[in-house]
Amino acid sequence: MKPLEGRRRRHGDRNDGFLVRNLDPMGKLIPFIMKSKADSWVLFEDRIDITHTQDFLHEMRKGKIPGLTLYHIIFAAIVRTYSQVPELNRFVARSNIYARNEMKGSMVVMKGMQRDSERTTIMPHFEMEATLKEVSDEIQALANPIDRTKKVAEDENRNDFDKLELALSLIPNWLISLVFGLLKFLDRHGWIPKKITDLSPFHSSFFITNMGSIGMQPVYHHIYEFGTISVFGAIGSKETVHELDRNGVLRRRTYLNMKFVVDERICDGFIYALGFKHIKSCISKPEQLMERPRQVIQDKIDRD
């Protein structure tokens with residue numbers, strides 16, 4: 001199931017989203033008060049206990065979900081959260097708020113761990129009711145060109161986004177400026193071709209970068225002005241500590257630090273708090289991701 005599946009487009013809707021028509025007065029005014037993402041970003045930070053998650057991860061790797069990683073669990077947690085808190089899957093264009101009509105994540109994949117290693121960006125699409133295994137399979141199919149798929153390995157190890165960025169980088173600077181000026185104009189009006197947005201990591205429900213894979217703690221990463229991303233998250237290295245529990249017993253615990261930059265115009269702070277509590281719950285108790293959600297909540301975007 002896709003977000004708002006089966007809904008017919010009306011005047012004011014875009015190819016990639018539906019106009020939210022039931023905003024309260026402040027929600028209506030905020031995009032006019034804060035015209036850009038740079039003017040409206042908010043920073044979130046959390047530290048999640050993943051001691052149990054690590055045990056679950058190792059158990060799943062033994063048979064049920066080979067190749068499962070913590071990264072996959074985080075992606076699945078976000079997908080599940082969007083299915084329950086759909087307001088997070090919104091974006092702003094021309095001071096209007098839209099509900100996105102697909103669930104698409106973006107992530108950077110390194111093809112090695114050396115300074116000159118190539119990297120690619122993949123954009124897996126997910127169904128709103130996806131399970132952890134389905135999310136993991138989709139990411140692995142796109143991200144690992146060695147054993148699990150040939151998608152990235154074909155054509156000199158480049159995917160379609162790699163080919164597009166290579167082609168754009170080979171044209172003269174004045175033409176690059178002209179092309180992006182045209183793309184930004186089309187994007188503001190919702191006229192950019194779907195074939196381009198399908199290849200664009202800047203037109204995604206969320207973008208997650210795994211800084212822990214290179215031994216770093218997370219940073220607050222900007223959300224791009226170009227495109228429709230409203231949520232950008234960074235994952236840091238795992239930290240193992242020894243601390244006293246409530247009974248004064250010394251326990252070994254593992255924590256994960258995460259930082260997010262979000263566009264505050266798409267929903268209010270209560271909705272963001274609800275969403276991040278849900279993400280945290282799904283990461284710390286990933287068993288719930290093995291089954292489909294009891295229901296998928298659709299974004300209520302029309303007046304009653």
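**Entry 1: Arg-21**

I began with Arg-21 and found it buried, with a relative accessible area of 13%. The cut-off I used for "buried" is under 20%, so Arg-21 qualifies. A reminder to myself: this is a predicted model. Next I checked where the residue sits, and Arg-21 turned up in the loop between strand 1 (17–19) and helix 1 (25–33).

What lies 2.6 Å from a polar atom of the Arg-21 side chain? I found the backbone oxygen of His-11 there. I then listed the contacts of Arg-21, leaving aside neighbours within four places in sequence. The list holds Arg-7, Arg-10, His-11, Gly-12 and Asp-13, together with Ile-301, Asp-302 and Arg-303.

**Entry 2: strand 7**

I moved on to strand 7, residues 206–210. Four of its five residues are buried, so the rest of the structure largely encloses this strand. Its partner in my search was strand 8 (residues 231–244), and the two pair in the parallel sense over four bridges. I also noted that Phe-207 stands opposite Phe-232 in strand 8.

**Entry 3: the cores**

Which residues touch the most other members of the largest nonpolar core? Out of 56 residues, the answer is Phe-75 and Phe-206. Helix 3 (residues 70–84) gives the most to this core, with 10 residues. I wrote down the general rule beside it: in soluble globular proteins, nonpolar side chains tend to be buried together.

I followed Phe-75 further, not counting residues up to four places away in sequence. Phe-75 touches Gly-105, Ser-106, Met-107, Pro-124, Phe-126, Val-135 and Ile-139, as well as Phe-206 and Ile-208. Apart from the largest core lies another one, of five residues. Among them are Ile-223, Ile-229, Val-261 and Phe-232, and Phe-232 is the residue I had met opposite Phe-207.

**Entry 4: cavities**

How many cavities of 30 Å³ or more does the structure hold? I counted two. The largest has a volume of about 70 Å³. Lining this largest cavity I found Pro-3, Leu-4, Pro-86, Asn-89, Ala-99, Arg-100, Met-128, Ile-297, Gln-298 and Asp-299.

**Entry 5: Thr-254**

My last stop was Thr-254, which lies in strand 9 (residues 250–263). Is Thr-254 buried or exposed? At 7% relative accessibility, Thr-254 counts as buried. Its contacts, with neighbours within four places in sequence left aside, include Ile-48, Asp-49, Ile-50, Thr-51 and Gln-54. Lys-238, Glu-239 and Thr-240 are also in contact with Thr-254.

Technical notes:
Residues numbered from 1 in each chain as written. Predicted model: local features only at pLDDT ≥ 70, side-chain atom pairs only at ≥ 80, totals over all residues. Heavy atoms only, no water. Buried < 20%, exposed > 50% of the residue type's maximum accessible area, 1.4 Å probe, protein only. Polar contact = N/O pair within 3.5 Å; in protein donor to acceptor, adjacent residues only side chain to side chain. Contact = heavy atoms within 4.5 Å. Pairing = 2+ DSSP bridges. Core = buried A, V, L, I, M, F, W, Y, C linked by side-chain atoms within 4.5 Å. 1 Å grid on protein atoms, 1.4 Å probe; cavity = no way out; pocket = protein on both sides within 12 Å on 5 of 7 lines; lining within 4 Å. Points joined across faces, edges and corners; volume = space filled by probe spheres on them.
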